[in-house]
Amino acid sequence: MLLSWRGQLRRKGIMRKNAYYDFTQRLYGSDIAAAFYILSLKGGFRFVGQSDWFRADQRGKFNWDFLNHKDTPLEEVDMSYTVINYRGLDNLEGQQSLRTLALRGCPEVDDWFLARLHVFEDSLEELDISHCPRITTGGLAALRNLKGLRRLDLSSLPGISSPGLVVILLEEMLPQCQIIATGYDYSIKQHGGEEEVQR
Amino acid sequence: MSAWRRLHVKVRRAHGLFTSRRVTEQYTWMYGPSTLGQNLSTGKPLRNDFFKELEAQLAAMRKKAADALPGSSWSPFDINPNLPPERADIVIIGGGVMGWSIAYWLKQKERVREGVKVIVVERDLTYSQASTVLSAGGIRQQFSLPENIHLSLASADFMRNINEHLGVLNEDPVDLQFNQSGYLFLASEEVAHIMEENYSTQRQVGAKVTLLSPTQLKEKFPWINTDGVALASYGLENEGWFDPWSLLNAFRRKAMSMGVIQCCGEVTDFKYTVQMPKGLEYQMVECAIVVNAAGAFSGKLAEMLGISSNPKDTIAGTPVPVEPRKRYIYVVHCPDGPGLDTPFLIDYSGMYFRREGLGGNYITGASPKEADEPDTSNLEVDHQFFEDSVWPRLAYRVPAFEKLKVTSAWAGFYDYNTFDQNGIIGDHPVINNMYFATGFSGHGLQQSPAAGRAVAELILDGNFKTLDMRGLGFRRIMAQEPILERNIL
């Protein structure tokens with residue numbers, strides 16, 4: 001019972017962090033709300049037309065200067081190693097000029113999250129989903145809507161069973177996209193034949 | 001020197017009574033190959049077993065005490081432990097995904113621990129004829145009835161958070177193998193306006209669908225032949241297909257961990273109680289509520305209630321209009337077929353196909369016309385049907401499929417609602433402790449989590465709380481007002 005409580009508390013914590021920042025949105029507009037959300041989850045972003053990034057440090061402290069840029073959409077978002085999940089995308093949904101999204105090593109990013117990325121189908125050019133443990137092949141099929149994608153990083157995804165084949169199929173599906181898939185063992189297994197005979 | 005050593009030995013032996021046997025090994029190591037550490041361990045095993053047996057005996061005593069108290073189902077003549085208990089609160093007839101979903105939600109919603117005693121009765125535990133496991137496993141929100149869209153959306157939400165709902169501690173997490181590829185409906189000129197109306201209903205309810213013109217369709221999916229297609233409707237999110245067996249097992253595992261009893265047997269009679277045989281043994285089960293989730297065989301079960309003995313025009317005489325209809329699914333292999341982005345394509349001619357796995361295999365089938373419904377006495381596959389009805393339409397729509405090979409095929413039953421091909425969720429007007437969750441005609445699997453929740457709310461709360469399913473109740477059958485789905489499969 002204690003173990004299940006612990007699991008539930010952890011899930012509730014993640015849900016609370018990913019809740020919709022309705023209040024901020026009403027007061028400051030959706031771009032500032034998205035920026036605030038990203039900084040609260042210890043991510044980083046860059047506005048359109050600006051060249052420097054706004055980031056939160058390890059302890060969660062960040063610079064409040066981003067409030068000066070009202071109504072500027074976000075161009076690049078880095079949410080690597082954060083607990084962003086499907087509900088968290090509510091906060092980022094209105095960003096129509098989002099070009100780069102980095103989700104490296106996010107433990108809560110799964111196939112349903114990838115399916116919801118269709119809201120960025122016109123603008124998204126770079127997507128990095130390496131090291132995300134929950135992504136499987138079914139979710140990668142959802143990337144078909146992102147026709148503008150130019151760079152996709154799929155390194156070291158533990159959920160994919162046959163990475164070589166998946167990369168080939170993805171290259172067919174997204175012909176203009178460059179796919180980076182390192183960290184997989186592409187070597188032909190020598191023991192495969194022996195195992196078959198034994199069975 | 002030796003005296004000291006002997007003293008040491010005595011101290012060690014005393015400790016050995018209460019500690020594990022490892023002391024003797026340590027002992028022999030310390031004293032080398034001497035003969036001291038040989039037979040000092042004879043007393044210890046007996047002592048350890050005594051404490052272990054004590055635990056077991058105390059547990060047995062507790063169980064006996066619990067059985068002796070009233071409310072337990074212990075009887076001195078324990079003839080067959082596989083029979084269902086004599087009394088239960090709710091009996092769910094049918095162990096498919098719908099039955100287990102209702103069982104799970106009933107246990108989830110009870111406010112007192114072990115408040116409702118639920119039994120799920122399944123005739124065939126190998127599920128050889130069950131519609132659940134033979135289904136193609138798709139989920140879509142592209143319906144025309146708002147109730148259906150709500151049910152599918154809620155079920156997709158459930159499946160998104162499935163480990164929160166159906167995760168059992170110490171067991172593997174549930175993996176539905178959900179492919180997020182979406183559904184693609186193709187409409188010809190005549191039915192394009194229906195598709196547009198459906199699109200606005202779906203958007204209003206909250207489904208993420210988009211309409212595509214033939215040029216956009218060709219751009220997105222270059223392998224489609226767009227002749228005859230006037231409009232296409234494409235699901236962007238929450239649509240795709242998954243593994244029905246995993247969902248069924250997940251529901252079953254979680255429900256059984258919450259205390260639902262599974263029985264293997266067939267319900268043969270309803271004389272004030274439910275009577276079930278098992279082989280030649282009968283067991284009367286006294287219960288308060290019966291839920292009919294028997295799928296394709298629900299109509300036959302309802303006849304046992306003696307409905308057909310009442311005159312046809314009365315309320316009590318309306319039969320439950322669910323009967324089995326056989327549908328075929330063929331697995332084909334085509335090496336040049338469409339790739340990873342293949343949606344679940346449904347053509348206006350009734351043909352459908354979807355990708356299966358990564359090796360160029362596809363699952364395909366078609367709805368037969370009303371006049372040539374196949375015979376439902378068995379689950380034999382008619383391969384001629386593929387040659388005559390499925391392959392020509394498939395090859396017309398996707399030219400790459402002209403060269404393919406049928407690797408396997410199977411047949412399954414739809415729990416076909418002959419009245420209006422939509423589910424019946426609710427209680428019976430006359431027999432007020434019988435509830436129905438059947439007649440879904442091919443979309444039962446995708447609506448099962450939400451429909452299970454609706455039935456559980458109806459039983460435990462008395463009314464629908466989250467989704468209003470009164471439109472899908474038995475009332476429409478009595479009043480002879482069908483709510484037809486336009487563009488069904």
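**The interface and cores of a two-chain model**

About 2,200 Å² is buried between chain A and chain B, with carbon and sulfur atoms giving 60% of that area; buried area here is the accessible area (1.4 Å probe) that two parts lose on being put together, summed over both. This is a predicted model, in which local features need pLDDT of at least 70 and side-chain atom pairs count only at pLDDT 80 or more, while totals for chains, interfaces and linings use all residues. Residues are numbered from 1 along each chain as its sequence is written, chains are lettered from A in the order in which they are written, and side-chain values use heavy atoms, with hydrogens and water left out.

The interface joins 23 residues of chain A to 22 residues of chain B through contacts (heavy atoms within 4.5 Å). Eight residue pairs across it are in polar contact, both residues being at pLDDT 80 or more; such a contact is a pair of N or O atoms within 3.5 Å, where within protein one must be able to donate a hydrogen and the other to accept it, and residues adjacent in sequence count only if both atoms are side-chain atoms. On the chain A side, helices H1 (2-17), H5 (111-116), H6 (137-140) and H7 (163-173) each supply at least two residues; helices (H or I, at least four residues) and strands (E, at least two) are DSSP runs, numbered from the N terminus. H7(A) provides the largest share of this side, five residues.

Turning to the interior, the largest nonpolar core has 55 residues, and Phe45(A), Ile84(A) and Ile129(A) are among those with the most contacts inside it. Such a core is a set of buried Ala, Val, Leu, Ile, Met, Phe, Trp, Tyr and Cys residues joined through side-chain atoms within 4.5 Å, where buried means under 20% relative accessible area, exposed over 50%, and partly exposed in between (1.4 Å probe, protein chains only). H3(A) gives the most to this core, with six residues. Ile129(A) is in contact with residues including Leu103(A), Leu140(A) and Leu152(A), neighbours within four places in sequence being left aside.

Two loop residues complete the picture. Gly43(A), in the loop between H3 and E1 of chain A, counts as buried because its relative accessibility is 2%. In chain B, His443(B) lies in the loop between strand E18 (434-438) and helix H12 (444-461) and is buried, with a relative accessible area of 5%. Beyond residues up to four places away in sequence, His443(B) touches Arg140(B), Phe143(B), Asn148(B), Gln421(B) and Asn422(B).
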